[in-house]
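Here are a few worked exercises on ring packing and the nonpolar core. Grab your viewer and follow along.

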Amino acid sequence: MKALLLALIVSCLASVGFGQQGLVKSIGNTAKEKANAQDFNTTRNNKERGNLMDVQKSGEAAPAPASAPAESASPAETEPSGDYQASYTFTSSVSYKIESAKNPGESQVIDYDFGDQVIKMAATPDMSSIIDSKNGVMILLNNKEKTAMVMSTKAMEAAMKQQQMNQGNKPAAKITKTGRTKTILGYKCEEMLIETDKKTEVWITKDAGIDVSNTFANMNKTSPSQIPNEAFTEGGMLMEMTGYDTAGKMEVHMLMTALSKESKTVNIGSYKITKL
């Protein structure tokens, strides 16, 4: 059941970020391995208890239990707490119109809200997700039924690392500032070309006074995204992106259609919480 819920959560994120199905399989395998490890430990412990009872019946001295490893005096200050906050405040919001070559003629609008080390994504009014990088949790919200599922992002990060390992080493990105500029939503944007085995064209603005580079980078650790981290080497806000496949054909196009600096708060305490 837990593996099913994890796969459901990741598939929702993948649909928001046009991710790859491989992550769903990876997270499912991660959950399955964890469950198998728990079953193995239970079987081993039962066997050890049985051996202990046999030894005691025969009158032999019971073996001394192995000493537990010493715990660290104090955890690292940067270690995420693994718990969610009662509420999250977002200070800026954007909307992107996204078109994919897989669905020609169709488009999807995705809303992003940005806060301090936290990002909220919504592809529909009823469903949204929050990635809290500070505390190391991901929250899937059902806004219609007022329910929420909370899980640690450690499993997500492990699955992403495994997926990247399976894909093998990619060539280092070549980043070129083309010198071209244009205006989107009233903000001057500069074009940047990112080349690896694929090519990505991005338009970044600093005039909006919003820097989401760290937020997007943290999001990319836990969920699939076609927005390369190299797009934010100099900070700023992504206004438009066109990604191409290895053959040079357009794969995905993102264009910002709205930007707001109005603050909003999401009260997690008003939802019925299920922790995984």
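**Exercise 1.** Which residues do ring pairs link into a cluster?

Some ground rules come before the solution. This is a predicted model, where local features need pLDDT of at least 70 and side-chain atom pairs count only at pLDDT 80 or more, while totals for chains, interfaces and linings use all residues. Residues are numbered from 1 along each chain as its sequence is written, and side-chain values use heavy atoms, leaving out hydrogens and water.

*Solution.*
- Step 1: take rings of Phe, Tyr and Trp (its six-membered ring) with centres within 6.5 Å; planes under 30 degrees apart are stacked, over 60 edge-to-face, the rest tilted. That gives two aromatic pairs.
- Step 2: Tyr-96 and Tyr-112 have ring centres 5.6 Å apart and planes at 80°, so they sit edge-to-face.
- Step 3: Tyr-112 also pairs with Phe-114, stacked at 6.3 Å centre to centre with 5° between the planes.
- Result: the cluster is Tyr-96, Tyr-112 and Phe-114.

**Exercise 2.** Is Tyr-96 buried or exposed?

*Solution.*
- Step 1: buried means under 20% relative accessible area, exposed over 50%, partly exposed in between (1.4 Å probe, protein chains only).
- Step 2: Tyr-96 has 0% relative accessibility, so buried it is. Tyr-112, at 3%, is buried too.

**Exercise 3.** Find the face of which ring Lys-182 lies over.

*Solution.*
- Step 1: the test wants NZ of Lys or CZ of Arg within 6 Å of the ring centre and within 35 degrees of the ring normal.
- Step 2: Lys-182 lies over Trp-203, 4.6 Å from the ring centre.
- Step 3: Lys-199 does likewise over Tyr-244, at 4.8 Å.
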